[in-house]
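Here are some short exercises to help you find your way around a new structure. Try each task by yourself, then follow the solution step by step.

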Amino acid sequence: VIPNGVDTGVFRPDAERRAATRAALGVSQEFVWLAAGRLMWKKDYPTLLRAAARMPGCVLWIAGSGPQEEELRALAAELGVTARFLGARGDMPALMNSADAVVLSSVVEGLPMVLLEAAASGLPAVATRAGGSDEVVIDGGTGFLAPCSDSAALAEAMIRLAALPEQARLKMGQAARAAALERFDLCM
């Protein structure tokens with residue numbers, strides 16, 4: 001098996017890029033979750049929005065576009081979720097650096113590129129157990145896993161990660177980056 005790979009030179013921690021992008025997007029101390037992918041049924045954004053509704057004080061950035069965008073915007077408003085729909089983006093390395101964690105709520109996946117990019121960027125992640133997510137996210141080591149289509153369990157995992165002391169989250173992110181360098185680096 002030859003897994004997907006990630007350019008760990010492009011997707012890497014960068015404190016300056018983090019500060020500049022957070023300032024440009026108008027956040028300072030808020031905990032920022034990043035979700036990225038096509039806005040379609042496979043990514044199960046309704047479950048993510050329902051989970052985010054249980055997390056007051058967090059900001060959810062959703063990068064991507066797709067056929068469910070209007071429906072998802074309406075659901076976010078209905079649930080009172082602080083979600084910012086960023087549209088299709090060409091600056092994922094900057095967004096990865098700006099977020100505090102990545103979340104993936106998919107019901108169908110292969111080996112998710114967004115999780116590889118997050119790991120290479122030194123971000124912990126919360127993901128559903130879809131496809132190869134558990135090949136990238138080591139439950140309790142580089143993030144947390146939750147069952148698919150279960151907003152309560154996804155929220156619990158997100159709350160657990162967000163509640164960790166900053167140093168513990170950074171340690172998870174460092175472990176994710178080390179795994180990305182060892183197993184998924186395109187330049188190996």
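**Exercise 1.** Find where S149 sits, and say what is notable about its phi.

*Solution.* Step 1: look in the loop between β6 and α7, where S149 has its place; helices (H or I, at least four residues) and strands (E, at least two) are DSSP runs, numbered from the N terminus. Step 2: read the backbone angle; S149 has a positive phi of about 60°, although it is not a glycine. Step 3: keep the general rule in mind, that most residues other than glycine have a negative phi.

Before going on, note that this is a predicted model, in which local features need pLDDT of at least 70 and side-chain atom pairs count only at pLDDT 80 or more, while totals for chains, interfaces and linings use all residues. Residues are numbered from 1 along each chain as its sequence is written, and side-chain values use heavy atoms, with hydrogens and water left out.

**Exercise 2.** Is D44 buried or exposed?

*Solution.* Step 1: go to the loop between β1 and α2 (45-52), where D44 is found. Step 2: apply the cut-offs: buried means under 20% relative accessible area, exposed over 50%, partly exposed in between (1.4 Å probe, protein chains only). Step 3: D44 counts as buried because its relative accessibility is 11%. Its phi, near 50°, is also positive in a residue other than glycine.

**Exercise 3.** Check the span of helix α8 (residues 166-183) and describe its two faces.

*Solution.* Step 1: the expected span is 1.5 Å times one less than the number of residues. For the 18 residues of α8 this gives 26 Å, and the end C-alpha atoms are 26 Å apart, which agrees. Step 2: list the buried residues of α8, namely R169, M172, G173, A176, R177 and A180. They cover an arc of only 140° around the axis, so they lie on the same side of α8; the arc is that of the directions from the helix axis to the C-beta atoms. Step 3: turn to the face away from this buried side, which carries the exposed residues Q167, K171, Q174 and E182. Step 4: find the partners of the buried residues of α8, which pack against β1 (31-36), α5 (113-120), β6 (143-146) and α7 (151-163), where contact means heavy atoms within 4.5 Å.
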